[in-house]
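Colleague: Could we go through this model together, one topic at a time? I should like to begin with a charged residue.

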Amino acid sequence: MPSEPLTVLDDFYVRTIGEIPLKEILYCVPETSIAIAAQIMRKEMSSCLFVGRDKTHIHGVITDITLRDNVLAQGVSPERPIAEIMDKTLVSIPKDAFVYEALLLMFRTKTRYLLVSEAGKYIGVTSRNKILTIQSQSPFVFIQSVKLALDKDELKVKWKQVPGIVDQLIQRGVRAEIINQIISTIADTIALRVIEQVVKERGKPPATFVFFVLGSEGRKEQTLKTDQDNAIIYEDKANEQRALVRDYFLGFAKEVSDRLHDIGFNYCKGGYMASNPKWTHSLSHWKRNYAAWFQESSTETVMSYGTFFDCRPIYGDFTLLNDLKAFMDGQLQYPLERFYYNMAQNALQYDTQLTWLRNIRTFKVDKEQVFDIKKAMTPMVDAIRLYALANRIFETNTGKRLKFLTERGVFTTIASDELYQAYYYLMGLRLEKQAATVIKENKTPVNYIKINTLTKVQVVTIREIFKVIRDLQLKVKIQFTKTF
């Protein structure tokens with residue numbers, strides 16, 4: 001029987017940027033006046049103009065919004081060179097990247113135009129609107145609608161629609177890692193809207209800062225059962241300003257956290273939130289935190305180090321977090337032996353959930369036999385993070401970390417494939433059950449899987465996955481604790 005043709009939705013997840021029409025890069029040299037640049041844009045009917053010596057050496061970009069905000073609103077003379085008002089932040093993606101990856105990148109970076117590269121050279125440009133028009137049936141149209149939400153109540157309605165989107169994606173066979181990224185991008189977009197609204201209400205912050213996320217959100221592995229994991233770094237200020245700056249950001253963080261909670265992102269039970277005074281600090285204070293955690297290297301401090309290693313910026317001055325990561329990179333070049341020993345002990349604290357008879361270990365919840373799928377996946381997250389730390393790989397996503405580790409020879413291709421398939425099989429099952437809990441049972445999603453809802457094939461597969469996890473833990477034990 002011939003297979004069914006791909007639908008627009010199916011095609012969206014296998015199509016690459018190179019397979020869609022790209023627009024030629026329109027550019028002008030940096031000395032071009034603002035007036036001439038605007039005339040070029042009008043003539044070419046383009047809302048985007050890059051600035052550079054040629055198409056392979058681009059230094060910046062201007063858009064119709066740039067002209068409005070940086071020229072008209074500021075009263076800048078149209079005779080000034082375009083280089084003075086251009087946006088120096090360029091966002092690019094290789095032509096072999098998937099279309100969905102391009103859209104996620106544009107939503108995360110808040111850019112409307114994306115340079116496309118091949119072999120290190122720019123070959124064209126695409127826009128968010130262009131892709132959304134082509135892929136009008138995709139969930140990314142929904143993300144665009146989230147960006148336009150006006151207030152907290154509207155964002156709450158949007159978040160309640162996500163389980164339905166996840167269920168549709170699962171039914172279409174979309175891979176779990178893609179669904180993770182979509183959920184994470186929706187969560188990012190909601191958080192960004194909340195932050196923007198709070199900044200607007202409170203006025204300009206007294207210092208530059210970055211709002212960053214941790215945990216599953218930091219790894220872009222968010223599911224439907226989620227809570228808040230975030231923190232703030234702000235720039236160092238003179239002594240007389242420190243109290244004022246700190247008070248502002250603690251009040252700001254509390255307002256953001258409260259609104260996110262009302263929308264549906266629960267407060268973190270462990271207190272890993274920017275509203276907690278422990279996790280909102282100046283850059284120098286954060287460096288002292290990491291230095292202390294690293295030097296002490298107890299089982300408690302390495303847990304904090306690991307938690308904040310899975311971090312990713314979503315709003316503000318990203319260079320602040322980059323500076324902190326550069327500091328971490330310097331630390332990891334000269335690690336203390338006990339640092340990795342204690343990190344390994346944390347990674348080994350969860351048993352593979354197999355009984356002596358090789359059955360799935362269960363417990364009762366509401367008189368039902370269940371197992372905790374999040375706890376089942378945690379050993380893989382922790383172990384792969386440990387290897388990323390040991391190899392100074394700052395990618396946060398578990399699947400991508402595994403890819404880089406394999407390229408460096410830490411894992412064989414066979415072992416890597418087993419781990420990748422194991423991890424995302426469990427993730428897919430987790431997402432499927434959570435979506436079903438919300439849609440079919442009208443209940444809050446959980447991480448418990450009822451054994452009686454699994455097929456025999458699923459049970460056998462899970463048992464085999466637990467064996468793969470056991471082998472991974474043995475590798476960690478031998479390499480980092482010198483015991484077996």
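**Salt bridges, sheets, cysteines and a helix pair**

Modeller: K95 has a relative accessibility of 29% and counts as partly exposed. Please keep in mind that this is a predicted model.

Colleague: Which residue forms a salt bridge with K95?

Modeller: The partner is E118, and the closest N and O atoms of the two residues are 3.5 Å apart. This salt bridge links distant parts of the chain, for the two residues are 23 residues apart. E118 belongs to strand β5, whereas K95 lies in the loop between β4 and α4 (99-109).

Colleague: And E118, is that buried or exposed, or something in between?

Modeller: E118 is partly exposed, because its relative accessible area of 39% falls between the limits of 20% for buried and 50% for exposed.

Colleague: You mentioned β5. In what order do the strands of its sheet come?

Modeller: The order is β4-β5-β6, and these 3 strands form an open sheet with mixed pairing. β4 (92-94) and β6 (121-127) stand at the edges with a single partner strand each, so one side of each has no neighbour in the sheet. From one strand to the next, the twist averages 35°.

Colleague: In which sense do β5 and β6 pair?

Modeller: Strand β5, residues 113-118, pairs with β6 in the antiparallel sense, and 6 bridges connect the two. To take one bridge as an example, S117 has Y122 in β6 as its partner.

Colleague: Back to the charges. How many salt bridges does a search of the whole structure find?

Modeller: The search finds 26 salt bridges. One of them joins R175 and E177, whose closest N and O atoms are 3.0 Å apart.

Colleague: Are R175 and E177 buried, exposed or partly exposed?

Modeller: R175 counts as partly exposed, at 38% relative accessibility. E177 counts as buried, because its relative accessibility is 10% and the limit for buried is under 20%.

Colleague: Which residue forms a salt bridge with D382?

Modeller: D382 forms a salt bridge with R385, and the closest N and O atoms are 3.0 Å apart. Both residues lie in helix α16, residues 373-390, where they are 3 residues apart, or about one turn of the helix. D382 and R385 are both buried. They also belong to a network of salt bridges that share partners, which joins R219, E221, D310, D382, R385 and R401.

Colleague: Changing topic: what other sheet could we look at?

Modeller: A further open sheet has 3 strands in the order β1-β2-β3, again with mixed pairing. Its edge strands are β1 (27-28) and β3, each of which pairs on one side only.

Colleague: How many residues lie between β2 and β3 in their hairpin?

Modeller: There are 2 residues between β2 and β3 in that hairpin. Strand β2, residues 48-54, pairs with β3 in the antiparallel sense over 6 bridges. Among the bridge partners, D54 is matched with H57 in β3, and C48 is matched with T63 in β3.

Colleague: How many residues of β3 are buried?

Modeller: In strand β3, which covers residues 57-63, 5 of the 7 residues are buried, and the strand is thus mostly covered.

Colleague: You named a cysteine just now. How many disulfides does a search of the whole structure find?

Modeller: The search finds 0 disulfides. C28, for instance, is in no disulfide, and the nearest cysteine sulfur, which belongs to C48, is 11 Å away. For comparison, two cysteine sulfur atoms must lie within 2.5 Å to count as a disulfide. C28 is buried, with a relative accessible area of 4%.

Colleague: And which cysteine sulfur is nearest to C268?

Modeller: That of C311 is the nearest, at 15 Å, and C268 is in no disulfide. C268 is buried as well, since its relative accessible area is 10%.

Colleague: One last topic, helix packing. At roughly what angle do the axes of α9 and α11 cross?

Modeller: The axes of helix α9 (residues 176-202) and helix α11 (residues 239-263) cross at roughly 135° and come within 10 Å. The two helices are therefore oblique to each other.

Colleague: Is the crossing left-handed or right-handed?

Modeller: α9 passes α11 in a right-handed crossing.

Conventions
Residues numbered from 1 in each chain as written. Predicted model: local features only at pLDDT ≥ 70, side-chain atom pairs only at ≥ 80, totals over all residues. Heavy atoms only, no water. Pairing = 2+ DSSP bridges. Helix = DSSP H or I, 4+ residues; strand = E, 2+ residues; numbered from the N terminus. Axes fitted to C-alpha atoms, helices over the stretch in contact; angles between N-to-C directions. Salt bridge = Lys/Arg side-chain N within 4 Å of Asp/Glu carboxyl O. Buried < 20%, exposed > 50% of the residue type's maximum accessible area, 1.4 Å probe, protein only. Parallel < 35°, antiparallel > 145°, perpendicular 65-115°, else oblique. Left-handed = near helix turned anticlockwise from the far one by under 90°.
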